[in-house]
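Let's take a guided walk through a protein chain together. Have the sequence and the 3D view ready, and follow along at your own pace.

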Amino acid sequence: MTTQQQEQEKRYDPGDSTLKFVTRPDDITLDDDPDTLRAEMSCGHAVTPQSLTAWCRSLLDQGQYKFLCPALKEGTVKKCGALWSYQEVRKLAVLTADEQKHFEEAMAALAAAEFCEYKSVSNVMCKKKNHINL
Ligand SMILES: [Zn+2]
């Protein structure tokens, strides 16, 4: 018996025809384990559920709630920077119910904070969200 938490490894369903599977290395971690199924994001970069979850989690931890592709454009040192929708991330990162909750709460909190920061310039009470009907 080990004390290590048995975290269920996330995998893609190979029969999922809505995903585009690729055999090239993961564009986030550069991992090229041939036994891991990788899928292509809308911008064309390859990810695994693990690498995508870890990357997006790290973005949220940094206060960034927009999910931008960290991969380099092929043959350049420029970042892809494609904006992924949460729906896409949720699907391709195979987020668990707990992770979805964490992501959604973090995104909502960060978006609200940004909204307040922006609004405070014009002296609007940001706590009253639906204060448009004057
Ligand atoms: Zn990309």
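Here is a short tour, starting with the overall layout and moving on to individual residues.

## The overall layout

Keep in mind as you look around that this is a predicted model. The protein chain contains 3 helices and 5 strands. If you trace the chain along its sequence, you will meet these elements in the pattern β-β-β-α-β-β-α-α.

How much of the chain is buried? Of its 134 residues, 17% count as buried. You can also ask how far along the sequence the contacts reach: taking contacts between residues at least 6 apart in sequence, 44% join residues at least 24 apart.

## A sheet of three strands

Look for the open sheet, where 3 strands are arranged in the order E1-E2-E3 with antiparallel pairing. Strand E1 (21-22) and strand E3 (46-47) stand at the edges, and each has a single partner strand, so one side of each has no neighbour in the sheet.

Now zoom in on strand E2, residues 38-40, which runs antiparallel to E3 and is joined to E3 by 2 bridges. One residue to find here is alanine 39, whose bridge partner in E3 is valine 47.

## Helix H1 and what follows

Helix H1 covers residues 49-61, and its length makes a nice check. With 13 residues at 1.5 Å a residue, H1 should span 18 Å, and its end C-alpha atoms are indeed 18 Å apart, so the two values agree. The expected span is 1.5 Å times one less than the number of residues, which is why the count is reduced before multiplying.

Which residues of H1 are buried? They are Pro49, Ser51, Leu52, Thr53, Trp55 and Cys56. Just after H1 comes glycine 63, with a positive phi of about 85 degrees.

## The nonpolar core

The largest nonpolar core has 15 residues, and those touching the most other members are Ile28, Met41, Val47, Leu52, Cys56, Leu92 and Ala93. E3 and H1 each supply at least two residues of this core. The largest share comes from H1, with 3 residues.

What does leucine 92 touch, leaving out residues up to four places away in sequence? Leucine 92 touches Ala39, Met41, Val47 and Leu52. Among these you may recognise Ala39 and Val47, the bridge partners from the sheet.

## Two residues with positive phi

Most residues other than glycine have a negative phi. Leucine 30 has a positive phi, near 65 degrees, and sits in the loop between E1 and E2. Is leucine 30 buried or exposed? Leucine 30 counts as exposed because it has 10 C-beta neighbours inside 10 Å, and the exposed class takes in residues with 12 or fewer.

Valine 94 is another non-glycine residue with a positive phi, of about 45 degrees. You can find valine 94 in the loop between helix H2 (86-92) and helix H3 (97-120). Valine 94 has 18 other C-beta atoms within 10 Å, so it is partly exposed.

## A last stop in helix H3

Finish at alanine 106, which lies in helix H3. Alanine 106 counts as partly exposed because it has 18 C-beta neighbours inside 10 Å.

How far is alanine 106 from arginine 57 in sequence and in space? The two are 49 residues apart in sequence, and 9.5 Å apart in space from C-alpha to C-alpha. Setting aside neighbours within four places in sequence, alanine 106 is in contact with Leu60 and Tyr65.

Definitions and conventions. Residues are numbered from 1 along each chain as its sequence is written. This is a predicted model: local features need pLDDT of at least 70, side-chain atom pairs count only at pLDDT 80 or more; totals for chains, interfaces and linings use all residues. Two strands pair if DSSP finds at least two bridges between them. Helices (H or I, at least four residues) and strands (E, at least two) are DSSP runs, numbered from the N terminus. A residue is buried if 20 or more other C-beta atoms lie within 10 Å of its own, exposed if 12 or fewer, and partly exposed in between; C-beta atoms are placed from the backbone. Two residues are in contact if their C-beta atoms, placed from the backbone, lie within 7 Å. A nonpolar core is a set of buried Ala, Val, Leu, Ile, Met, Phe, Trp, Tyr and Cys residues joined through C-beta atoms within 7 Å.
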